[in-house]
Amino acid sequence: MLSYIVRRLLLMVPTLIGVTAVVFFIMALSPGGVGGSEAVAGGELEGRSEQAQQRYLNERYGLDQPLVVQYGRWLNRVSPIGFESGSAGKVEWNQPRLLKWPDLGESLSKRRPVIDLYREALPITLLLNVLTSPLTFLLSIFAGIQMARRRGGPVDIGLGTTFLGLWSLPQIWIGVLLIGYLASSQYLQWFPTGGLSSTRAGEWPFLPSWSDDGFNRGWLLDRAWHLVLPVICLAYADFAFLSKLMRASVLENLSADFVRTAKAKGLRAKVVLYQHVFRNSLLPLITVSAGVIPALIGGSVIIEQIFSIPGMGKLTLDGIFARDRELVLA
């Protein structure tokens, strides 16, 4: 087991190098190249100013160097093993370091350290997924159990058909519908159209309260109010898969020998289901839950873009549109 874990960890190194190399060269060879948005933004500058801007970008990010050299410098900077980087990111080959603090660099489009941008965006993405994941799994587990208990009945067929229909609907379309009908002033306007907080939420108390001006929902309730539509839009798509997986796992365990033995001892059906079958049926869902981890870090690009949530997904998409190499590779 130990040797297997070591091999998998060592295999992660060439995998990361391969993935980052592909992304690096695709961005560098794309029309406009790295920093294309900066060049377009400076299109109205005078000749000398534009040349000065291009010279700054070349010196700061080494864009005038061969692509292999640029990638090598970036890899050395983010690696905990390598050489020290001096001013303007130039490698000082005479100062090798066995261990050093990785440097994710500075965002080309936002002119801020990348690590600071991620410190702001990652908690928002984690909050969104920490709220969505338990809700999705709990509802799917409950629905899967009820479908298995009533196999072939109206509940089984109805929930299965409904979840399959929801799974077939694209998130971008559902997000637009939720905003158009539940957040638009022309219809119900029950929820805000986007963002995480109201404009004056920073001036409100943390908890809801009553004052002379009336009810004040407070910062916490306001944040929850803004997250309702994004959580719904992010959660519904996984109901079909997880509930069907739970249903199949419960049915498989119900036909196992230990269940027949428990029934032969005279145990009630609910005791057999929830104390014996339930725990064994969770194993496939625990295995599948490993796929949630990338979403916790990478964020949901579609949801965050539709609802204007400044999380990791939106930050990455902004970096791609701006051809911000440092932001995307980090």
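This report covers the fold, helix α8, the nonpolar cores, the aromatic pairs and the salt bridges of a predicted model.

## Overall make-up

The chain has 330 residues, and 37% of them are buried. Its secondary structure consists of 16 helices and four strands. Contacts often span long stretches of sequence. Among those between residues at least 6 apart, 63% join residues at least 24 apart.

## Helix α8

Helix α8 covers residues 218–235, a run of 18 residues. From first C-alpha to last, α8 reaches 26 Å, close to the 26 Å expected at 1.5 Å a residue. The helix also bends. The bend is about 40° and sits at Leu-227. A proline, Pro-230, follows within four residues of that point.

Several α8 residues are buried, among them Gly-218, Asp-222, Arg-223 and His-226. Leu-227, where the bend falls, is also buried. So are Leu-229, Pro-230, Val-231, Cys-233, Leu-234 and Ala-235. What covers these buried residues? The cover includes the helices α5, α7 (171–183), α9 (239–254) and α14 (301–306), along with strand β4 (214–216).

## Nonpolar cores

In soluble globular proteins, nonpolar side chains tend to be buried together. Here the largest nonpolar core holds 24 residues. Which members touch the most others? They are Leu-128, Leu-178, Leu-229, Cys-233, Phe-307 and Ile-309. Four elements, α5, α7, α8 and α9, each give two or more residues to this core. The largest share, six residues, comes from α8. Two of the best-connected members, Leu-229 and Cys-233, are buried residues of α8.

Ile-309 can be followed further. Neighbours within four places in sequence are left aside here. Ile-309 is then in contact with Ile-124, Leu-128, Leu-196, Pro-230, Glu-304 and Lys-314. Of these partners, Leu-128 is listed with Ile-309 among the core members that touch the most others. Pro-230 is the proline that follows the bend in α8.

A second, separate core has 14 residues, including Ile-145, Ala-148, Ala-262 and Val-277.

## Aromatic pairs

A search of the whole structure finds eight aromatic pairs. One of them joins Phe-24 and Tyr-71 edge-to-face, at 5.3 Å centre to centre with 65° between the planes. Phe-24 lies in helix α1 (residues 2–29) and Tyr-71 in helix α4, so this pair ties together parts that are 47 residues apart in sequence. Phe-24 is buried at 0% relative accessibility. Tyr-71 is buried too, at 9%.

Tyr-71 also pairs with Phe-25. This pair is tilted, at 6.0 Å centre to centre and 40° between the planes. Phe-25 again lies in α1 and Tyr-71 in α4, so the pair ties together parts that are 46 residues apart in sequence. Phe-25 is partly exposed, at 27% relative accessibility. Ring pairs link Phe-24, Phe-25, Tyr-71 and Trp-74 into a cluster.

## Salt bridges

The count comes to ten salt bridges. Three are set out below.

| Salt bridge | Closest N to O distance |
|---|---|
| Asp-103 and Arg-77 | 4.0 Å |
| Glu-120 and Arg-112 | 2.6 Å |
| Arg-217 and Asp-222 | 3.0 Å |

How far apart in sequence are the parts tied by Asp-103 and Arg-77? Asp-103 sits in the loop between β2 (91–97) and α5 (114–149), and Arg-77 in helix α4 (residues 67–78), so the pair ties together parts that are 26 residues apart. Asp-103 is partly exposed at 38% relative accessibility, whereas Arg-77 is buried at 13%.

In the pair of Glu-120 and Arg-112, both residues are partly exposed. Glu-120 has a relative accessible area of 45%, and Arg-112 has 31%.

The third bridge involves helix α8. Its acid, Asp-222, is among the buried residues of that helix and has 0% relative accessibility. Its partner Arg-217 is partly exposed, with 26%. Elsewhere, salt bridges that share partners join Arg-77, Asp-103, Arg-325 and Glu-326 into one network.

Terms used:
Residues are numbered from 1 along each chain as its sequence is written. This is a predicted model: local features need pLDDT of at least 70, side-chain atom pairs count only at pLDDT 80 or more; totals for chains, interfaces and linings use all residues. Side-chain values use heavy atoms; hydrogens and water are left out. A salt bridge is a side-chain nitrogen of Lys or Arg within 4 Å of a carboxyl oxygen of Asp or Glu. Buried means under 20% relative accessible area, exposed over 50%, partly exposed in between (1.4 Å probe, protein chains only). The expected span of a helix is 1.5 Å times one less than its number of residues. The bend at a residue is the angle between axes fitted to the seven residues ending there and the seven starting there. Contact means heavy atoms within 4.5 Å. A nonpolar core is a set of buried Ala, Val, Leu, Ile, Met, Phe, Trp, Tyr and Cys residues joined through side-chain atoms within 4.5 Å. Rings of Phe, Tyr and Trp (its six-membered ring) pair if their centres lie within 6.5 Å; planes under 30 degrees apart count as stacked, over 60 as edge-to-face and the rest as tilted.
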